[in-house]
Every structure is written in structure tokens, then in C-alpha cells.
Amino acid sequence: MSSLHFQAKLKTPFALLGIRADREELAEIVFLARDGDTLSPQNRLAERACAQIERYVEDPQYRFDLPLARGGTDFQRRVWRKISAIEAGRTRSYGELARELGSAARAVGQACGANPLPLVVPCHRVLAAGGIGGFGHHEGGFHLAVKRWLLAHEGAATAR
């Protein structure tokens, strides 16, 4: 599947989400500009993903329960497991996760940026030691506005 071929496009308060899902696994969630066109779910898993994202928008404590595609390197999957354990409203720093993983903060940041399933694997909950950090390999603009929205939505103590 190309990154332009989505099985759903869902409007949310923070972005239009492009959702890639086959019949068995959720493969990718992409933040798109809010002014794009929606696309009704094209399969049951895309429909289920949209329903769960809508539940999250209503209740930031909602926990996703979706079958996820296994992608990334071994290290990236280790980082994503750590990120998945961060509860809504809480944040961790790249450095904290790096120390726990025996790695470097920059490597953790790169793994966060490579996360194909933001929201479900909540990389927005990982911050830099001295500020909000990046989001999806972006250091400003639209993506950081999305990160700030998500942190505020969850009631994170700081959106640095």
C-alpha cells in the first residue's frame, strides 16, 4: 500500500487522519491537513480504528485495542513498547527512556519520529528535557500544534 492510499480519512479537532489498514492489521496513521476530504472506512478494521479514535477524542483516557502491524527495527519496537506504557496525561523525556533502554536520547527521538501509529502508540507523550521536542520528525508548525493539542487534551501537567 502506498502512503497515499488510505482505507479511511477521519476528521478530528486536531487533524485529518489518514488510516491505512488491511483486513488484519492497522499499518499507519498519518496526520493530514484539516482541510482535506474525508473518506469513509473501506474495511472493518479501518471502521474499528475510526470508532476508537473518536472514542479517544471524547475521552482522552480511552485505551486503544487494535491489531497493529509489526514494523520497525528491534530497537524501534522496544521504544514503542515503552511509549505505549505511558498513561494519558503523563509524559516522559527522551533521556529517561534512553537511560531505561541503555541508549541515547537522540536514538529514542528518531524511533519516536519513525512511529507509524501515533495516537495508538502515543509518541506525543515523549518530550525533550528542555521543551516539547519534535513530533513525527518535525520540529515546528502543524505537527507541533498537533502534539500540543494532544497533550492539552489529555491534561498533561506540562506541554513545555
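## Arg77 and its surroundings

A residue counts as buried here when its relative accessible area is under 20%. Arg77 comes in at 13%, so this arginine falls on the buried side of that cut-off. Keep in mind that we're looking at a predicted model.

Arg77 sits in helix α2, which covers residues 74-84. What does the side chain of Arg77 reach? The backbone oxygen of Gly71, at 3.4 Å. If you skip the neighbours within four places in sequence, the contacts of Arg77 are Arg70, Gly71 and Gly72. Gly71 thus turns up both as a contact of Arg77 and as the residue whose backbone oxygen its side chain reaches.

## The nonpolar core

The largest nonpolar core has 44 residues, and Leu26 and Ile83 are the ones that touch the most other members. Helix α1 (residues 44-58) gives the most to this core, chipping in six residues. As a bit of background, nonpolar side chains in soluble globular proteins tend to be buried together.

Which residues does Ile83 touch, leaving aside neighbours within four places in sequence? The list is Leu97, Cys112, Val121, Pro122, Cys123 and Val126.

## A three-stranded sheet

Now for the sheet: three strands, open, in the order β1-β2-β3, with antiparallel pairing. Why do β1 (8-11) and β3 (26-32) each have a side without a neighbour in the sheet? They stand at the edges with a single partner strand apiece, so one side of each is left free of a sheet neighbour. On average, and ignoring direction, neighbouring strands of this sheet are turned by 20° against each other.

Helix α1 packs on the sheet and touches β1, β2 and β3, while its direction makes about 145° with that of β2. Looking at the β1 and β2 pair, the two run antiparallel and are joined by four bridges, with β2 spanning residues 16-21. One pairing to look up is that of Lys11, whose bridge partner in β2 is Leu16. In general, strands of a sheet pair through backbone hydrogen bonds, either parallel or antiparallel.

## Cysteines without disulfides

How many disulfides does a search of the whole structure find? Zero. Cys50 is in no disulfide, and the nearest cysteine sulfur, belonging to Cys123, is 19 Å away. Cys50 has a relative accessible area of 6%, so it is buried.

Cys112 is in no disulfide either; for this residue the nearest cysteine sulfur is again that of Cys123, at 6.0 Å. A disulfide would need the two sulfur atoms within 2.5 Å. Cys112 is buried as well, because its relative accessible area is 4%.

## Two loop residues

Asn115 is in the loop between α4 (105-113) and β5. Is Asn115 buried or exposed? With a relative accessible area of 8%, Asn115 is buried. A polar atom of the Asn115 side chain lies 2.8 Å from the backbone nitrogen of Leu117. Beyond the neighbours within four places in sequence, Asn115 is in contact with Trp80, Val121 and Cys123. Val121 and Cys123 are also among the contacts of Ile83.

Gly140 belongs to another loop, the one between β5 (126-127) and α5 (141-153). At 36% relative accessibility, Gly140 counts as partly exposed. Its C-alpha atom is separated by 23 Å from that of Glu96, with the two residues 44 apart along the chain.

Technical notes: Residues numbered from 1 in each chain as written. Predicted model: local features only at pLDDT ≥ 70, side-chain atom pairs only at ≥ 80, totals over all residues. Heavy atoms only, no water. Buried < 20%, exposed > 50% of the residue type's maximum accessible area, 1.4 Å probe, protein only. Polar contact = N/O pair within 3.5 Å; in protein donor to acceptor, adjacent residues only side chain to side chain. Contact = heavy atoms within 4.5 Å. Core = buried A, V, L, I, M, F, W, Y, C linked by side-chain atoms within 4.5 Å. Pairing = 2+ DSSP bridges. Axes fitted to C-alpha atoms, helices over the stretch in contact; angles between N-to-C directions.
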